[in-house]
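Welcome, and please open your viewer. We will take the whole chain to begin with and then select one place after another.

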Amino acid sequence: MTSSISTSASPVLPVLAEVVRSGFTEGHHRGSLVVLAADGSVELALGDPADPVFPRSSNKPMQAAAILRAGLDLSGERLALAAASHSGEDFHLDLVRTMLAEHGLKPDDLQTPPDLPLDAVEAEAYLAAGRVREPLTMNCSGKHAAMLAVCVRNGWDTATYLDPAHPLQRLVGEVVAEAAGEPVAAIGTDGCGAPLMAIGLVGLARAFRAFVLAEPGTAERRVADAMRAHPEYVAGTRRPDTWLMREVPGTLSKMGAEAVQALALPDGRALAFKIDDGSTRALGPVLARSLELLGVDAPVVTRIGQAPLLGGAEQVGEIRAAF
């Protein structure tokens with residue numbers, strides 16, 4: 001019996017963050033990162049930011065823009081929630097229920113997998129109250145409620161709204177490619193069950209830049225404005241995306257699973273990165289360092305960058321950026 005083993009070595013990505021305990025470096029987090037200047041040119045590139053990745057929930061602004069283009073009239077908190085990875089706080093879940101009811105839908109119509117609230121504090125309170133995992137509490141339920149609503153509005157099949165061939169999902173793919181300035185490299189399935197479009201980190205940064213610079217009244221600008229005006233609906237009260245959009249005016253920020261982050265400032269400067277091993281514990285330090293390189297000087301940057309390591313319930317080290 002013979003076997004085929006590839007001898008081509010994968011490129012070794014640079015260390016973006018290091019794990020330091022008691023003065024000893026015990027681990028590293030590698031990845032790729034890109035920073036765009038205000039004119040859209042690449043100011044800093046680490047690793048291979050042109051290589052396609054699944055942006056995961058960092059694609060949600062584009063998904064929300066597709067929902068608007070398809071004719072659903074959303075604004076304010078509703079539009080922010082359509083682009084959200086919400087924490088599962090009561091105000092999130094109440095608005096998801098409202099959005100569904102406004103279009104004759106019920107939580108049972110959601111095809112999100114049953115889950116606990118994304119926020120650890122909310123999850124503990126949820127379990128302490130004797131509740132069980134539900135599709136409603138899954139962090140993507142706001143996006144799914146908006147997807148279902150636009151299907152009702154257009155007479156599209158709601159049972160197959162997550163099929164890549166569905167009219168809505170085809171439109172999402174078009175919006176992603178247009179915003180990124182590059183074709184979708186692959187289509188997969190996200191954790192919530194929705195189709196997921198792969199693009200490069202450069203394309204992801206370009207997309208966020210395009211949203212903040214879009215003309216007022218366009219779908220892209222409406223999404224950016226709603227997210228920035230209602231950041232607590234995009235994430236939650238204890239989440240970095242919320243803090244950034246609230247404390248650094250004009251910032252558009254959205255994280256994604258598997259340690260993806262994208263962000264744009266109102267003047268067009270933008271960044272995107274992915275930690276290769278998917279460890280979200282490195283997100284804060286890498287994001288904070290990237291913001292420093294963009295010249296963002298605000299207390300929230302220090303707050304986001306703090307990632308302490310504990311030993312015996314005391315801080316004995318930290319995860320820190322290495323670039």
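pLDDT is the predictor's confidence in each residue, from 0 to 100. This is a predicted model, in which local features need pLDDT of at least 70 and side-chain atom pairs count only at pLDDT 80 or more, while totals for chains, interfaces and linings use all residues. Residues are numbered from 1 along each chain as its sequence is written, and side-chain values use heavy atoms, with hydrogens and water left out.

**The whole chain**

Colour the chain by confidence. Its mean pLDDT is 96, and 97% of the residues reach 70 or more. Now select residues 1-8: here the pLDDT is below 50, and beyond near neighbours in sequence the stretch has zero contacts (heavy atoms within 4.5 Å) in the model. Where pLDDT is low, the predicted coordinates should not be read in detail.

Switch to a cartoon view. You should find twelve helices and eleven strands; helices (H or I, at least four residues) and strands (E, at least two) are DSSP runs, numbered from the N terminus. The radius of gyration is 20 Å, close to the 20 Å that the globule rule gives for 323 residues, so the chain is as compact as a globular protein of that length. That radius is taken over C-alpha atoms, and the rule is 2.2 Å times the number of residues to the power 0.38. Along its principal axes, the C-alpha trace spans about 60 × 60 × 45 Å.

Of the 323 residues, 53% are buried. Buried means under 20% relative accessible area, exposed over 50%, and partly exposed in between (1.4 Å probe, protein chains only).

**A three-stranded sheet**

Next, select E4, E5 and E6. These strands form an open antiparallel sheet in the order E4-E6-E5; two strands pair if DSSP finds at least two bridges between them. Strands E4 (52-53) and E5 (186-189) stand at the edges with a single partner strand each, so one side of each is left without a neighbour in the sheet. Two bridges join E4 to the antiparallel strand E6 (residues 195-200), and Pro52 has Gly200 as its bridge partner in E6. Add helix H7 (residues 201-213), which packs on the sheet and touches E4 and E6. The direction of H7 makes about 105° with that of E6; axes are lines fitted to C-alpha atoms, for helices over the stretch in contact, and angles run from 0 to 180 degrees between N-to-C directions.

**Two loop residues**

Most residues other than glycine have a negative phi. Select Ser22, in the loop between strand E1 (15-21) and strand E2 (24-36): its phi is positive, about 55°. Ser22 counts as exposed because its relative accessibility is 58%.

Then go to Glu258, in the loop between strand E7 (252-256) and strand E8 (260-264). Glu258 has a positive phi of about 60°, and at 39% relative accessibility it counts as partly exposed.

**Two helix residues**

Is Thr242 buried or exposed? This residue of helix H10 (residues 240-247) is buried, with a relative accessible area of 0%. Show its side chain, which reaches the backbone oxygen of Gly236 at 2.8 Å. Leaving out residues up to four places away in sequence, Thr242 touches Pro231, Glu232, Ala235 and Gly236.

Finish at Val301 in helix H12 (residues 299-305), which is buried at 4% relative accessible area. With the same sequence neighbours left out, Val301 touches Ala288, Leu291, Glu292 and Val296.

Technical notes: A polar contact is a pair of N or O atoms within 3.5 Å; within protein, one must be able to donate a hydrogen and the other to accept it, and residues adjacent in sequence count only if both atoms are side-chain atoms.
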